[in-house]
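Work through the following exercises with the sequence and the structure side by side. Try each task on your own before you read its solution.

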Amino acid sequence: MNRSTRRRLVSLGVALLLAWVGAYAPAAPAQDSAEAVPARVRTVGVIAGPELNSASPDDTDENGLSRLAETIRELGGSVTVIPANREIPADVELVLLIRPQRALSVAQTAHLWDFLQRGGHLLLALDPIGHNGGSPESAASSGLIRLLQAEYGMGIVDNLLVESWFGIESLGDVETSWSDIQTEDLFPHAITAPLIQFDLPLRYWGARSMLVDALTGTAATEPLIIAERPYGETARINFGSGDAAQLTRNIGPDTQGRLLFSGIATHFATGSRVALVGDGEIFLNVFGQRARASQDGRPLYMGDDLFAQRLLAWLMAVPEAEYPALPDGYTWIALDGDSADWPADLPAQGGPPPADSAYALQQIRAFQNDQFVYVLLETGQPVPRGTLVYLFVDDADGNRQFFSADPGGVVQSGDATIADADAKAGAGVEIRLPRRIFATTDSVIARVCVGDLSGSAVECFEEPVRPVNTNALDPVPVRFGAGPQAITQVQDTNLRAQPTTRSTSFTRLPTRTLFAAVGRNTAGDWVYVQNGRYAGWINRPLLAINADVSRLPDLEAAP
């Protein structure tokens, strides 16, 4: 059977399905879109079983949804498993179909569409075709996707999102195929609000892009997430071949630009809510829902954890005031120049400011968590444009380092930018500094000054600032933005000063410690890594890396 014949048969099947739905589906009451607020969901069904090989809430292994099922129960819902070849039970109000590895049959599509027509809600998370060995829904032939595009304005694209640093080996293994979506690529919504506010990236493991059309006239359709940096590879990749040339951006065939990654829609007539996501691993136990350690149930990927919770809350029609709260034990500071979210009991430090301060200096407050030092410079009035904050820090050799913080967001050591530091001005100035720049575990800022760009008007707090240790965790240990990353795979991994086992070990790291992969040695068997707390060399076999190591800068090469 040739391709055109298959397409004609698929089109005929979709047409018959539409006719069947129109004949047998119950008529939906017409509703004004402004009043289409569904009742709170109490029963959630997860389609699982060998027919589609989709993720199950009963599975506690890495590819299961048991952690997601806990979230559903915490939101007040019960969870039931629905075999893929059965009709959706009448008491089920929300259906999850996450990472199916086979395409839906016409009968399975009919069951889902009938469920949506009677006002049910759906979360559909689809991986790319061929990635991780799956053959899920195809944009070219899926009846369900055609129906969703027609009625909800959402579809999928047959591609695979590829970053410039990916390699065939890393992309071919789902565990090392991850990348992050940064917060500038999130659309404002109650679902994404804390991710945007606290600059929490969203991690995915091999994804496809999608289509969102907000002008259907039948549904209120909104994009949630875009992926602007990667391109969409449309050719099927043979991961076993090792041919890196397959990962080539081809102008024309490959999709590029602002690629949509997730969207939501509410049907005007039925009130049915649908969420479509271009990656299934976000919701799985040992991917997006992974814990920090086997003895520590707190999330490793905070952005994924909050996104999953709030997306489920929206689908379950939970009032926004009852969305899950931010977890305790973390630093929840939004760098915006406003001290309202700072701990109220932090003492003022740094000695009295100049009595006649041109900047209306009042006090300094500072604390550290496991990764970063946060500094708040409080002023009686907003700081003028062009103001710089100068920080003096002693290194391990007793030499004084000089840092400048532009409240527009740039922090520098001399002429070098500290990529994971940040500063913002408002009523005062908030600064975030990585702890690795400090000489000791107890970070000390020897001096803090404020001045203009010319350096002619400088005022200082003369006493040292000793940040209070909060024992909190930073929700994002790696804040370098887009780029190659690594995670330790072995307990007590040595972080060394040089790329050799004979070199000094700075510390022993637990498994699942996240880093940016900054460079390599010439041989490629050691990787130089950084996070907020540490910087050093780790032996390559001890790391999972989402990049072709040979593409990392050679830090041993002669300049």
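**Exercise 1. Work out what share of the residues of the chain counts as buried, and then describe the chain as a whole.**

Solution. Begin with the burial: in this predicted model, 54% of the 559 residues of the chain count as buried, where buried stands for a relative accessible area under 20%. Next, take the secondary structure, which consists of seven helices and 33 strands. The radius of gyration comes to 26 Å, close to the 24 Å that the globule rule gives for 559 residues, so the chain is as compact as a globular protein of that length. Along the principal axes, the C-alpha atoms fill a box of roughly 80 × 55 × 45 Å. Finally, consider the contacts between residues at least 6 apart in sequence, of which 68% join residues at least 24 apart.

**Exercise 2. Decide whether helix α3 is largely enclosed or not by the rest of the structure, and check its length.**

Solution. First, locate α3 at residues 106–117, a run of 12 residues. From its first C-alpha to its last, the helix reaches 16 Å, close to the 16 Å expected at 1.5 Å a residue. Then count the burial: nine of the 12 residues are buried, so α3 is largely enclosed by the rest of the structure. Among these buried residues are His111, Trp113, Asp114 and Phe115. Just after the helix, glycine 119 takes a positive phi of about 100°.

**Exercise 3. Examine the phi values of asparagine 53 and arginine 512, and place both residues in the chain.**

Solution. Start from the general rule that most residues other than glycine have a negative phi. Asparagine 53, although not a glycine, has a positive phi of about 55°; this residue lies in the loop between β1 (43–48) and α2 (66–74). With a relative accessible area of 36%, asparagine 53 is partly exposed. Arginine 512 likewise has a positive phi, near 70°, and its place is in the loop between β29 (505–509) and β30 (514–520).

**Exercise 4. Describe the largest pocket and find which strand gives the most to its lining.**

Solution. The space in the largest pocket is about 640 Å³. Its lining is made of 28 residues, and Arg436, Ile437, Phe438, Phe506 and Ala535 lie nearest the centre. Sorted by class, the lining has 15 nonpolar, eight polar and five charged residues. Now turn to the strands: β19 (400–406), β31 (526–530) and β32 (535–539) each supply at least two lining residues, and β32 gives the most, with three.

Note on methods. Residues numbered from 1 in each chain as written. Predicted model: local features only at pLDDT ≥ 70, side-chain atom pairs only at ≥ 80, totals over all residues. Heavy atoms only, no water. 1 Å grid on protein atoms, 1.4 Å probe; cavity = no way out; pocket = protein on both sides within 12 Å on 5 of 7 lines; lining within 4 Å. Points joined across faces, edges and corners; volume = space filled by probe spheres on them. Helix = DSSP H or I, 4+ residues; strand = E, 2+ residues; numbered from the N terminus. Nonpolar A, V, L, I, M, F, W, Y, C, P; charged D, E, K, R; others polar. Expected span 1.5 Å × (residues − 1). Buried < 20%, exposed > 50% of the residue type's maximum accessible area, 1.4 Å probe, protein only. Rg over C-alpha atoms; globule rule 2.2 N^0.38 Å. Contact = heavy atoms within 4.5 Å.
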